[in-house]
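Here is a friendly walk through the chain contacts and the aromatic pairs of one model. Keep the viewer open and follow along as we go.

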Amino acid sequence: MASSSFEKKKYKVIGTRPVRHDGADKVTGRAIYGSDFRLTGTVHGKILRSPHAHARIKSIDTSAAEKHPGVLAVVTSGDFPNLKNKIANLGEGSVNLAHLGANVLAHGKVLYKGHAVAAVAAVNPHVAEEALKLIQVQYEPLKPVVWVLDAMRDDAPLLHDDLRTSSMGKKGDKPSNISAHIHFETGKVDEAFAKADVVIEREFKTASVHQGYIEPHVATALWNEDGHLTIWTSTQGAFTARQQTAELLQIPVSQVTVVPCEIGGGFGGKIAVYLEPVAAVLSRKCGRPVKMVMNRDEVFEGTGPTPGSFVRVKLGATRSGQLVAGEAWLAYDAGAFPGGMIGPGCMCVFSCYEIPNARVDGYDVVNNKPKTQAYRAPGATQAAFACESVIDELAEKLGIDPIELRLKNAAKEGTRRVDGPVYPRIGFIETLQAAQASEHWKSPLVGPHRGRGIASGYWFNIGLKSSASASVNPDGTVSLVEGSTDIGGTRTSVAMQLAETLGIRAEDVRPQVADTDGVGYTDVTGGSRVTFATGLAAYEVGLDIQRQMAQRAALLWECDPAKVACTDGVYKTNGKSIAFAELAGKLGETGGPVVGRAAVDPQGSSNGFGTHIVDVEVDPDTAKVTILRYTAIQDVGKAIHPSYVEGQMQGGAVQGIGWALNEEYVFDEQGRMQNPNYLDYRMPTALDVPMIDTIIVEVFNPAHPYGVRGVGETPIVAPPAAIANAIYRASGTRMRELPMSPPRLWAAMTEKKS
Amino acid sequence: MKDFEFQTATTVDEAVSLLAARGQRARVLTGGTDLIVQLREGQREADLVVDIKKIPELMELTYSAGAGLKLGAAVPCYRIYGDSQIEAAYPALADAARIIGGWQIQSRASIGGNLCNSSPAADSIPTLIAYDVTCHLAGPQGRRTVRAAEFCTGPGKNVLDRGEILTMLEFPAPKKHASAAYLRFIPRNEMDIAVVGAASWVQLNAAGDTIEKARVALAAVAPTPLSPTSVGEWLAGKPAMPQTFAKAGELASQAARPIGDKRGTVEYRKHLAGVLTKRTLAIAVDRARGVATSAH
Amino acid sequence: MAKKIHVATTINGEPVEFLCEARQSLLEVLRDTLNLTGAKEGCNNGNCGACTVLLDGQPVDSCLVLGVEVEGARITTIEGIAQDAHLHPIQQCFLEDAALQCGVCTPGFIMSTKALLDRNANPSEHEIRFQLSGNLCRCTGYDKIIRAVQDSAKALAAGGRRTTEKTARPNGSPAKQAQTQPR
Amino acid sequence: MAKVYIPAQWRDLTGGTADVQLDGHSLKQIVAGLEARFPGIAARVCDDGRIAAGLAVSIDGAISSRGLLAPVEPHSEIHFLPAIGGG
């Protein structure tokens, strides 16, 4: 698809920094986010949540709530179809519908504190909350299990009686909390370790962390009198929201329209449905539009954190620093239902390196936490924290510069991954070289209690399905309709690719995100895929329009369309030429509207590598870590809109800083989260971070016409390891547990002293 | 949240009679930054909320070098650090006022409200104790005063009787060669609850080399803000130098009797009480010597 | 059902009257009663700043103000910032500096920025970070927001016009872009 | 012939064989070939006539979304992997 001429081409639009098309609406407060949307007659829904982390529901009595003045409907799981263990393919991953349904409203058992049990619709949210207090639920509390290794024990309380361990499709013979075991093995691992000059084996733990998007989950549903269901929601993927809702309600997808409103952040956490099906059933019951908005504590307790983990990594190397053997053992929280992030965790743990002999074992473990969800490079950060810490220790032990050690073993084109496949052209080495050449790395770090750390990270970056169409307006502009909800400026990065293809200005494309009836199927905004895959669709839309426009020019000139060439938006033949805009004005007389369309499904991943450098200072008295300087380096293939590429790198880095230093779910002995608010779940504020420098590396991706690789997820992978490595150099203490919060670091520093 | 009746009082007597009539079912609203959250989250319930911000006496902020500072109970924090005279005279008060929540919180929250909420971790209370502030109360039985150190009686509990409100905080006039500082430890740099807080007030001799008198007060190391008199007594007569501050820190650490919770372990909190006592003493001494020192 | 109270106030320079229950926050009133949905609810307990509005010129979390409290007050919301069909220089700088991704925290940040620059025309980076620490952003890592505030200060100093020079990178180095030729 | 890598956890069915060469123009044909050689293996790959949930198939380094209809070239390299999602 890609020709080498694109690689060297000078672009007119790509690489520039136009103002985003939705910008004015977003700085004036006019943009309509999920909670800003309101239909006449809207009533408000609220959810009753479990106070227990693990309990059997003996009975639910909603009669008093139903009689409360102002209440219009009450629902429990009994109002939903009884879903069997049916697997629904949601494009990016699949889901067991019985589990999804039981997560939306508990069936028989509650599996985490905050698990939804019943819902009420009332004239306003306050009345709905009053009614929740009137619902009588009798629970039989059961022993909860929270820590992943505890949940794996033979004597652990079982969350699901029917869950058996699947080993790549082979089922275990007894019920277990371990829902899956993954195993990769390549080469002769034990022999290689025996021959290695240096072997380092370490254990790592990470706490549950939340995606932390500022906009809580929200949905408004209207089950119309004609039986059609429309849902206005804040989602990363309107089509997957539609499919999940339809499957849970056992109605055809065509009976559901999902309208994606502007979305206030997602990071992987707004793919699964929570409120949509509940609002729908409430609406069906009361005949009114029902709007549901979560409170912040509901977001923390009822929606997906990303897995807490236990990881053991063992690496063997020669004296000269050649990695010869690797072994990793990973156990990740799945949360209340199976299907966590262990797969990518296992595939990413050694993804930066060429290790000829390696073994990876991974376990997906259910425990009494909210069902885990994707969070920016899901599963990779936990794994990289472990591997990149051991690499750093190895470099120190061997007396080799940490970048040199990485360069010596770096994955490159042709490297066979531990899970089997071989890398195509990738840019990991280039990020290491850029790090080495950076002003940050070259400048000395002075002062006591300070240290510099470095780490690398990898994420796949996926393709998947995207659709787009565009129509040419008579004034020479183009209206683009796409299906990717815009979380961080992708309307513009997609529109720019159409503009570049057509040879018009970015401002002359009007991009619009359509609902599920307005555009072809498009997978979620996730997996760092929108600028890559929806961008590819926009490119193909551009080619389609260009072909049609050439035909129109040929009609005007009465020549063969094949003789019409187009460069930079000017159509030419035999000395005659016409610009795109002028030609657009003649569509009416040359056959009517021109509409381009494309649907794409690029296969494979585009492989994003990043390397981060961080300087820290550790207060020797309080063990508080200050980030002094930070540089994020990443191969993005091609930066379509560099400002938003930098923004992704900066935002991901700061999320990683939060994960590294302070963010965590704190559970009490009953498995209840102690800190479900922004005060005690400590995401970084502006005062907690410095400016984040970025170095964009561009190694052309041959699988995309403009070389795009995607950018969003990779930047969160390296920070915890980079910061742990910096803390070690600043304080002499190696931290192997996240977050490296002051009490935890202080305890480790104190233990080391004594 | 449950609905409630709302009244705006314009005189102290009106507020007192409204509150006295309803007892525990009535709540005072000043900045609302604690109360509204507590009502919304069901930690407290109220049938009546009385806004006392429209009572002129409670919004009074007057300072003179001779008479000291009169801080009305409902004066929002931003007015304190926004007044350079007050900031210069009571730097530890400004230290605390500047870090109670973010700016949006400081636009509303008052030091009086922070005191009446009586959280063991409250940022302003150690400062009030260190400055030996007098709290003026008004109730159905008339007016009375209480020293800041005696105001809190337990987590969320204080000496206020039914119908009684705090009207004003009276700060003694600043003395020559004396100053104070407040520091708290939090994992982030802002928007956080103190893991431990410490305020130190020192009176130096004219030469500025000896501590004549000192008071240290700690937050989040006991059920109420703690004022270990042992530390202050030990400091009297000691040379104003780092070794002294470090030793005082050790004493503060010993006096602290914290619990372990989501914000910190017992050991860590005791340790921090020492670190912050040491650091606030150093800043207070610098300030008493006339060296401008920022606590942030 | 709860009794409603009449409140007269001024919003974005215009007199406004509304009815609300005592328990309703100013944020609820703005959004649900007055349809001013620019202020966002992020946490509803004063920890994120997405609902920041100016109350008599001071930035407040409107989720922690009762609707009944604003009798006689002057309120400015994000909807009242742009003048005469032109974006306010702060809005313009946020746009041009790509200081927003999802945009849900943006109205709050712009309001806090306005309050800051109204008081301090030339704040340091530390002052900006300190004064904006009551506003959480999860997308941007704050870098471009801080630069947008710095650029806003310059623009306001230049009489509201955007200055051509964008805020320099730290250490005076321009934004780096390493080009690597494909093999 | 395409080279098919057998995941370690399926080698109980292949007597330890880690890779095999098979003819086939589609994944469906490859799976049929696998089943003919190693009875029982198709049940690990497929569920209800589709690629099993939680499983992904990589053909020449790219995860395919085309399920059993995915085209296979004469020298393709095929891996069975855990499915991935993204944030």
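Two rings of Phe, Tyr or Trp (for Trp, the six-membered ring) count as a pair if their centres lie within 6.5 Å. With that cut-off in hand, look at chain A of this predicted model, where ring pairs join Y353(A), Y423(A), F428(A), Y458(A), W459(A), F460(A) and F609(A) into a cluster. Over all chains, the structure holds 28 aromatic pairs.

## Ring pairs that bridge the sequence

Two of the pairs in chain A deserve a visit. In the pair of F300(A) and Y681(A), the ring centres are 4.9 Å apart and the planes meet at 45°, so the pair is tilted. Planes count as stacked under 30 degrees, as edge-to-face over 60 and as tilted for the rest, which means that 45° falls in the tilted class. This pair links distant parts of the chain: F300(A) belongs to helix 10 (residues 296–302) of chain A, while Y681(A) sits in the loop between helix 19 (642–661) and strand 32 (692–698), 381 residues apart. Are these two residues buried or exposed? Both F300(A) and Y681(A) are buried.

The rings of Y539(A) and Y706(A) have their centres 5.5 Å apart and their planes at 85°, so this pair is edge-to-face. Here too, distant parts of the chain are linked: Y539(A) is in helix 17 (residues 530–557) of chain A and Y706(A) in the loop between strand 32 and helix 20 (719–731), with 167 residues separating them. Y539(A) is buried at a relative accessible area of 7%, and Y706(A) is buried at 2%.

## A buried valine in the loop before helix 20

The loop between strand 32 and helix 20 of chain A also holds V717(A). V717(A) has a relative accessibility of 1% and counts as buried; the cut-off for that class is under 20%, so the label follows directly. Which residues does V717(A) touch, leaving aside its neighbours within four places in sequence? The contacts are with A377(A), A380(A), T381(A), A384(A), G457(A) and Y458(A). Y458(A) is also one of the residues in the aromatic cluster. For a sense of scale, V717(A) and A194(A) are 523 residues apart in sequence and 31 Å apart in space, C-alpha to C-alpha.

## Chain A with chain C

Now to the contacts between chains. Of the four pairs of chains in contact, chains A and C share the most contacts. Chain C brings 62 residues to meet 76 residues of chain A, and about 5800 Å² is buried between the two, with carbon and sulfur atoms giving 54% of that area.

Between chains C and A there are five salt bridges. One example is E130(A) with R23(C), whose closest N and O atoms are 2.7 Å apart. There are also 27 residue pairs in polar contact between these chains, both residues being at pLDDT 80 or more. On the side of chain C that touches chain A, helix 5 of chain C has the largest share, with five residues. By class, that side has 23 nonpolar, 21 polar and 18 charged residues.

E646(A) makes a good stop on this tour. The residue lies in helix 19 of chain A and is buried, with a relative accessible area of 3%. Its side chain is joined to that of K144(C) by a polar contact of 2.6 Å.

## Chain A with chain B

Chain B meets chain A through 19 residues of chain B and 23 residues of chain A. Between them, the two chains bury about 2100 Å², 53% of it on carbon and sulfur atoms. The count of residue pairs in polar contact here is 20, both at pLDDT 80 or more. Helix 11 (residues 266–288) of chain B gives the most to the side of chain B that touches chain A, with seven residues. That side has nine nonpolar, two polar and eight charged residues.

Chains B and A have six salt bridges between them. Two inter-chain salt bridges are set out below.

| Salt bridge | Closest N and O atoms |
|---|---|
| K278(B) and D621(A) | 3.5 Å |
| E130(A) and R23(C) | 2.7 Å |

## Chains that do not touch

Chain D stays apart from two of the others. The nearest C-alpha atoms of chains B and D are 26 Å apart, and these chains do not touch. Chains C and D do not touch either, with their nearest C-alpha atoms 13 Å apart.

Notes. Residues numbered from 1 in each chain as written. Chains lettered and ligands numbered in written order. Predicted model: local features only at pLDDT ≥ 70, side-chain atom pairs only at ≥ 80, totals over all residues. Heavy atoms only, no water. Contact = heavy atoms within 4.5 Å. Buried area = accessible area lost by both parts, 1.4 Å probe. Salt bridge = Lys/Arg side-chain N within 4 Å of Asp/Glu carboxyl O. Polar contact = N/O pair within 3.5 Å; in protein donor to acceptor, adjacent residues only side chain to side chain. Helix = DSSP H or I, 4+ residues; strand = E, 2+ residues; numbered from the N terminus. Nonpolar A, V, L, I, M, F, W, Y, C, P; charged D, E, K, R; others polar. Buried < 20%, exposed > 50% of the residue type's maximum accessible area, 1.4 Å probe, protein only.
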